[in-house]
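Q: Please take a close look at one part of this model, the stretch of the first chain where the predictor is least sure of itself or nearly so, and then set it against the rest. I would like one connected answer.

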Amino acid sequence: MSDHNWKNAAPEVPEEFHMKFEETLKQIERQKIIHHKKKSPKMMIRILIAAAILCSLAVTTIVAGELFQWNDVLKKRLNPSKEQQESLADQGYIKGIGQSQTQNGVTITLVNTVQDQKLLYALFKIETDDSISMDYTTSFEDGLNIKIDGTSTYDMDELGSSGAGAGLAYPEGIPDISPHLQYYEVSFSYSNDYDLSGKTVQMELKNLTQGGDKTEDGEVVAEGVWKFEWTLDEIRSMTKLDVNRKCDFGGYEITVEAMEISPLQYTLYLDYEEAMKVYEDERNRFEYNGDDPGMDLTGRTHIDQVRYEDGTVVKMDYEFGGGIGGGGESWDEENKTVKISGGFAQAIDVERLEAVHFGNVDSWLTVK
Amino acid sequence: MTRDVFIREIRQSESMLYHVAKSILKNDSDCADAVQETLLKAYEKLHTLKQDQFFRTWITRILINECNGVLRKRKCVISYEEYMENAGASEPKKYTHLYMAILNLPEELRILVTLYYIEGFSQKEIAEILHMQEGTIKSRLSRARALLKEQLTEEGSYLPVKATGAKMQLR
C-alpha cells in the first residue's frame, strides 16, 4: 500500500533541469537592464579610421583587403536592387572586409559586414580541407564573442538591451555551399542610442564543432581561435519621421508618435498608455485551451509590406531567409514611450517610403 | 519588482515550475526548455507585473502559454498522441503510484490537479491562471479525483486529502 500525500507524490526537480534553470538565472543576472530610464548621450562621431587592423598569430595566415562585392548570401538576405547595391555601400551600410585566417585546415574569411546605428552583422565564409566535412550541425564552441573598442558587448551598459545570434546561413539558392564551404552569420543588435561610427569591432570564432555548439554537446573537429578586427566607417543616423497617427493594431488603437528607420530596420515610438494596454491584456486574457497564441506588441507591429510615394508596394519575404536580424522592445515610463524595433526582410529605400503595412493585423500606416 | 527579487522568487518557484511544465509536456528535456524560455520572457516583461503579490499566478500563466507553444510546435511534426507516447516512454519509471496516475489523466485534468493539489493554488487563482469559471474547476477536479480513485483502487492505494497530508481511504 502506498503511503503518499499530494506534495510528496510529485517528483523532485531532476539535476539536468536544475542546471539549466540556474544557467538561465545566471544569464538573466548578466543581462543589461531592460527598462531604460536614462538615455545615453549621442556620441560624437569619431575620426574615421580607414584600414582594418590585422591580427597576427604564429599559426595563422592573414590576408586583408577591401575587396568589396555583394556576397550571394547577403543578396538573398537583403534583396537589394542594383541601385541599392551601390547606394548601401556608398552610405556605409555594407562593408567588404576580406580578412582571412587559416588554422588546422579551416580557412575562415570575414566577407561582408552590415551595420547601422543599432545593428551589427558579419558574414563569414568557412572553407575546410578534405578531412573536415560540414553540414547543418556545424557550429563553433563560441561564436558570439564580440568586442567594440576592446570592450565585450556583455559589459557595455551604454548599449542598453542587446541581443546576439549566430549560425550557419542557409538561404535558398546559394550555389557554392558544400560540405567544404559554408557561410556563418553573426548578428548583434542593441536598443540605446549608441553611435557605432569609427568604432573598432573584434569578433572571435572559437573551435569549429560538429553536432551543435557547446551547449548541444557538439564535438570539436578543428581547434583554433579565428580572430577578426575591423573599424567601421561613419554610419548614418536613423531617419526619424514624426508620424503622430493612430493605427488599429488588431483592436487596439495606438498612437504611433514617430518612426525611426534605416534601410535595414525600424523602430516605432508608441504612446505608452495605449501600448501598455496590449501587455496588460496579454497578461490578463489568458486562454488555456485555445489555439490562438495571442499576439504581443511585436507581433502586432510586424511590418510585412512597405509602400513608396509612387504607389509601388514591396512585399517582404521573411520565409526564405530575408533580413539580417535586429529588433526588440523597450519601455520608457518616464517619457511615456514604448519602442518596438524590427528588421526589414529586405533593404528598403528610406527616401521614398510613404507607408508601412502591419501584416498580422492587416493595417496600413502612413508615415510620411 | 527588482531583478534580485525576481531571481529570488523564481528560485523559490523552481519545483512548482517544473511540476506545472511536467503536467503539460511530460518530457523532462522539454520542461527544461519551456521553463528556460519562460524565465527569459518573464524577465523581459517584468514591467507588466504591476503587483508583486500576483507573481506566482503571473509566472504560471507565462509558463503554461510556453508549454502550449511547445505542444503546438510538436503537433506540426508528429501527432499529439505520438508525442505523448514518446515522451512517456522516454522517461524512467521512477515516480510514485499517485504521480503516475496523475500523469495518466487527460491533459486538462493533469494541470488542474497539479496546480490545486500539488502546488496549493486556490481555485480562484486557478480560475485566473486558466481563465476558467470556478465552477468548471470544481467539476473537473471532481472528475479528476474520480479517475484517480479508479486507477489507484486497482492498486489498493489511497487518495490523499489536500493540504492536510492526511489520507482518505477510497471507497
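A: In this predicted model, pLDDT stays under 50 over residues 32-67 of chain A. For that stretch the model has 70 contacts beyond four places in sequence. Residues 286-293 of chain A also stay under a pLDDT of 50, with nine contacts beyond four places in sequence. Against this, the mean pLDDT of chain A is 80, and 81% of its residues reach 70 or more.

The rest of chain A gives the setting. Its secondary structure comes to six helices and 19 strands. Of its 368 residues, 37% count as buried. Among contacts in chain A between residues at least 6 apart in sequence, 68% join residues at least 24 apart.

The largest nonpolar core has 72 residues, and the members that touch the most others are Phe124(A), Val256(A), Leu270(A) and Phe344(A). Strand β4 of chain A, residues 119-128, gives the most to this core, with seven residues. At least three residues come from each of domain 1 (33-231) and domain 2 (239-366) of chain A. Leu270(A) can be followed outward: not counting residues up to four places away in sequence, Leu270(A) touches Ile254(A), Thr255(A), Val256(A), Glu257(A), Ala275(A), Thr337(A), Val338(A) and Ile340(A). Another core lies apart from the largest one; this one has 46 residues, among them Tyr18(B), Cys31(B), Ala42(B) and Trp58(B). As a general matter, nonpolar side chains in soluble globular proteins tend to be buried together.

Chain A also has an open sheet of four strands, in the order β6-β5-β9-β10, with antiparallel pairing. Strands β6 (151-152) and β10 (219-231) of chain A are at the edges, each pairing on one side only. Inside the sheet, β5 (residues 139-148) and β9 (residues 200-210) of chain A pair in the antiparallel sense over seven bridges. Lys147(A) stands opposite Gln202(A) in β9(A).

A loop of chain A shows a link across the sequence. Pro179(A) sits in the loop between β7 (162-168) and β8 (181-190) of chain A. With 12 other C-beta atoms within 10 Å, Pro179(A) counts as exposed. Its C-alpha atom and that of Met134(A) are separated by 4.6 Å, although the two residues are 45 apart along the chain. Beyond its neighbours within four places in sequence, Pro179(A) is in contact with Ser133(A), Met134(A) and Asp135(A).

Chain B is built from nine helices and two strands. Along the sequence its pattern is α-α-α-α-α-α-α-α-α-β-β. Of its 171 residues, 35% count as buried. Among contacts in chain B between residues at least 6 apart in sequence, 62% join residues at least 24 apart. In helix α8 of chain B, residues 123-130, the buried residues are Ile126(B), Ile129(B) and Leu130(B). Seen down the axis of α8(B), these buried residues fall within an arc of 80°, so they line one face of the helix. His131(B) follows α8(B) and has a positive phi, near 55°.

To return to the part you asked about: residues 32-67 of chain A keep a pLDDT under 50 throughout.

Methods:
Residues are numbered from 1 along each chain as its sequence is written. Chains are lettered from A and ligands numbered from 1 in the order in which they are written. A residue is buried if 20 or more other C-beta atoms lie within 10 Å of its own, exposed if 12 or fewer, and partly exposed in between; C-beta atoms are placed from the backbone. The arc is that of the directions from the helix axis to the C-beta atoms. A nonpolar core is a set of buried Ala, Val, Leu, Ile, Met, Phe, Trp, Tyr and Cys residues joined through C-beta atoms within 7 Å. Domain bounds come from an automatic or database domain assignment. Two residues are in contact if their C-beta atoms, placed from the backbone, lie within 7 Å. Two strands pair if DSSP finds at least two bridges between them. pLDDT is the predictor's confidence in each residue, from 0 to 100.
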